[in-house]
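Here is a short report on one pocket and one sheet. Have the sequence and the 3D view at hand while you read.

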Amino acid sequence: MQQKLLNEAMAGVAGGNDFQWCFSQVKGAIDEDVAEADIISTVEFNYSGDLLATGDKGGRVVIFQHEQESKNRPHLRGEYNVYSTFQSHEPEFDYLKSLEIEEKINKIRWLPQQNAAHFLLSTNDKTIKLWKISERDKRADGYNLKDEDGRLRDPFRITSLRVPVLMPMDLMVEASPRRIFANAHTYHINSISVNSDHETYLSADDLRINLWHLEITDRSFNIVDIKPANMEELTEVITAAECHPHQCNVFVYSSSKGTIRLCDMRAAALCDRHSKFFEEPEDPSSRSFFSEIISSISDVKFSHSGRYMMTRDYLSVKVWDLNMENRPVETYQVHEYLRSKLCSLYENDCIFDKFECCWNGSDSAIMTGSYNNFFRMFDRNTRRDITLEASRESSKPRATLKPRKVSTGGKRKKDEISVDSLDFNKKILHTAWHPKDNVIAVAATNNLYIFQDKIN
């Protein structure tokens, strides 16, 4: 009965009358001229959803904490306010290759909380760091060897022993780097994924996937290597990799050819031979010059249950059953109206944009981004979908988000926007869904939008 009620509640995720999304918060400056360093490059909720981390192109990590609901405004779920900000990565220079290494944060992954402190992994193109985020609200007072201002006292003037006591102080949140995992990737790191054993994690670049132990920084195990002996024979690259949420020996990785390989680490130390190979046969009638580019998978995510996985290519989101390799069980068109615009999207390089996707907490709905600051939601139960916009124009507190529609024909209705007037510089590449509640975070350039379901 409880499951039935849950399903009915979730049935409106994609825009049913009984379920609407409304504006909650927006973080970031309103400036027209956006500094490159302020552009958000990754968004991630922690396992409880109480913390939300963003990384940007300037190498900074900003963590927001969920405040408790106030008695004055019980209809609000509680806001996310800045908890900690720290510089995770700095720009570096590779003197051997004469290359600059950007400080941009490519991915953030939280570790499950084991004690009062929180831990997260952040990575740029080459270096992964493990950060500890801890609180301090007490200080030791009454030292024997130091004065109040911290200067050492003359030992001969100390005539009595004092027992230091802990005194309350203003809350301080400290972020300290605990491990630095470096020098293991020749190419740019595109994915990190924490394993379900909570002791190991994967890092993937264009041609290799490494397995690390969280306690060991000076070595990792190379578990996938697709680099050919002759680089001229290179036909595909690794685009994303993720560990299975429950089976610590299983992981998947996607490729620029639109294929997904599932590997089992129990089979061999080097997982060059996959256990399962997921690929949808191409329809010869729809083949074009752009077919290979748009079939490249930009993101792969296991469902929370571990039964399904979702992949995002340029035009669509596909849901695969791990027990069926020959085709996806569900396919959702994200912005099919762009198929006629592929030529101009190729010319302005937008066709190479890497959109991410995410599941809701019960795996019944999925979300991914599009252009013009639009993002799409698909309800897996009802097959309904909705297009919403992250915009400051509808950023009044509790304002209901109006569904947006794109027209492709000559005559458009009043509420529709023409496909020719879409802004391709405004793109939603990074989204995150709260693991338990209907709260979503959407990164639009340098702004972070937070939306929640409207509770009537």
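The report starts with the largest pocket and then turns to a sheet that shares a strand with the pocket lining.

**The pocket**

This is a predicted model. Its largest pocket holds about 1200 Å³ of space. The lining counts 47 residues. Nearest the pocket centre lie K104, F352, D353, K354 and L429. By type, the lining splits into 17 nonpolar, 13 polar and 17 charged residues.

Several strands take part. The elements that each give two or more residues to this lining are listed here.

| Element | Residues |
|---|---|
| β2 | 40–45 |
| β8 | 107–110 |
| β12 | 191–194 |
| β16 | 238–243 |
| β20 | 299–302 |

Which element gives the largest share of the lining? That is β16, with 5 residues.

**The sheet**

The strand β16 also belongs to an open sheet of 4 strands. Their order is β16-β17-β18-β19, and the pairing is antiparallel. β16 and β19 (276–278) stand at the edges. Each of these two has a single partner strand, so one side of each has no neighbour in the sheet. From one strand to the next, the twist averages 20°.

Strands of a sheet pair through backbone hydrogen bonds, either parallel or antiparallel. β16 pairs with β17, residues 250–255, in the antiparallel sense. The two strands are joined over 5 bridges. To find one residue pair, start at A240: its bridge partner in β17 is S254.

In short, β16 gives 5 residues to the pocket lining and stands at an edge of the sheet.

Methods. Residues are numbered from 1 along each chain as its sequence is written. This is a predicted model: local features need pLDDT of at least 70, side-chain atom pairs count only at pLDDT 80 or more; totals for chains, interfaces and linings use all residues. Side-chain values use heavy atoms; hydrogens and water are left out. On a 1 Å grid over the protein atoms alone, a cavity is a set of points where a 1.4 Å probe fits but cannot get out, and a pocket is an open set with protein on both sides within 12 Å along at least five of seven lines; lining residues have an atom within 4 Å of a point. Grid points are joined across faces, edges and corners, and a volume is the space filled by probe spheres set on the points. Ala, Val, Leu, Ile, Met, Phe, Trp, Tyr, Cys and Pro count as nonpolar, Asp, Glu, Lys and Arg as charged, and the others, Gly among them, as polar. Two strands pair if DSSP finds at least two bridges between them. Axes are lines fitted to C-alpha atoms, for helices over the stretch in contact, and angles run from 0 to 180 degrees between N-to-C directions.
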